[in-house]
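Visitor: I am new to this structure and would like a close look at a single part of it. Please pick one helix and take me through it.

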Amino acid sequence: MPDVDVVERDSDRLGEELAGLDALELADRNRPSRAHRIWTATWPKLGAIAFALGLWQLVVWSGWKPEYVLPGPATVFAELRDQLADGRLQHALWLTLGRAARGYALAIVIGVAVGCVVASSKIVRSAFGSFITGLQTMPSVAWFPLALLLFKRTEAAIIFVVVLGAAPSIANGLLNGIDQIPPLYLRAGRVLGARGLTLYRRVVLPAALPGFVGGMKQGWAFAWRSLMAGELLVIIAGHQSIGVLMQNARDFSDTPALMASMIVILVVGIVVDALFFAGIERTIRRRRGLLAR
């Protein structure tokens, strides 16, 4: 006959484990609604924006600079409203975002190709790994004299600098992601018959995805900064971009228009990160079991 105390302890332990499983199931059933999750993710950002606007207004009220030099939020947002009303902002933003999309897409193609080639050989990695990092550390403005000599004041000069600003970061992100792949994954892939491009497509790139996405995110930041510098330095007749709006505002000492353009640049960076990269990172974490579904 089994000991009664042992049976009771086993029964209690089993009950606790089942209760834990039930709790997990109930937690999944009681998962907050989509609207609640969106609000939970949004309100801290709204609070940060309110804090920044309040601090800005306090600096204006302090009298540190005259209001025609440092206008308050109300004046700047009124300028934004006027630019939206007459269509200037939409036209400029559309042109700038088109340049950003073309340059960034080309940078992804080049960065992935370079990253795969460099990662495929230890000799190539030793020869060009530091070279890619060196390119990544170069300020984008340093490329503009060469870009102007090669392409004059054309769209190609701007895209050239955007690509050189973003591609090294994307290549380095892919290399770092590949470096962190457990060797077991590669051995398992080869055992299952994956070789060459198939190994990269089926094993290497999916396993390196977190590092690669980090490189893409950093590459976008460099691309966006390079583009803004390019639009300020390379003014093309008939092409009114965000950079041209900023340059015109500076030439006429129109601080509200200048700060309105700066706010647009900041908002684009925040929106791209929140809607694109944050979504990709969340999907990767969810598929790897690091985030509740």
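**Helix α12 and its surroundings**

Guide: Start just past the end of the helix: glycine 289 follows α12 and has a positive phi, near 75 degrees. The model is a predicted one. Helix α12 itself covers residues 255-287, which is 33 residues. At 1.5 Å a residue, that number should give a span of 48 Å, and the end C-alpha atoms of α12 lie 47 Å apart, so the two values agree. The helix also has a kink of about 35 degrees, and the kink is centred on aspartate 273.

A residue from another helix leads back to this part. Glutamine 83 sits in helix α3, which runs over residues 73-86. Leaving aside residues up to four places away in sequence, glutamine 83 touches Arg88, Leu89, Gln90, Leu245, Ala257 and Ala260. Among these contacts, Ala257 and Ala260 have numbers that fall within residues 255-287, the range of α12. Glutamine 83 has a relative accessible area of 2%, and it counts as buried because that value is under the 20% cut-off.

Now the wider setting. The protein chain has 12 helices and 0 strands, so its pattern along the sequence is written with α alone: α-α-α-α-α-α-α-α-α-α-α-α. Of its 293 residues, 33% are buried. Among contacts with a separation of 6 or more, 70% are between residues 24 or more positions apart. The accessible surface of the chain comes to about 18,200 Å², and carbon and sulfur atoms account for 67% of that surface.

Methods: Residues numbered from 1 in each chain as written. Predicted model: local features only at pLDDT ≥ 70, side-chain atom pairs only at ≥ 80, totals over all residues. Heavy atoms only, no water. Helix = DSSP H or I, 4+ residues; strand = E, 2+ residues; numbered from the N terminus. Expected span 1.5 Å × (residues − 1). Bend = angle between axes of the 7 residues up to and from the residue. Buried < 20%, exposed > 50% of the residue type's maximum accessible area, 1.4 Å probe, protein only. Contact = heavy atoms within 4.5 Å. Areas by Shrake-Rupley, 256 points an atom, 1.4 Å probe, with all protein chains shown as cover.
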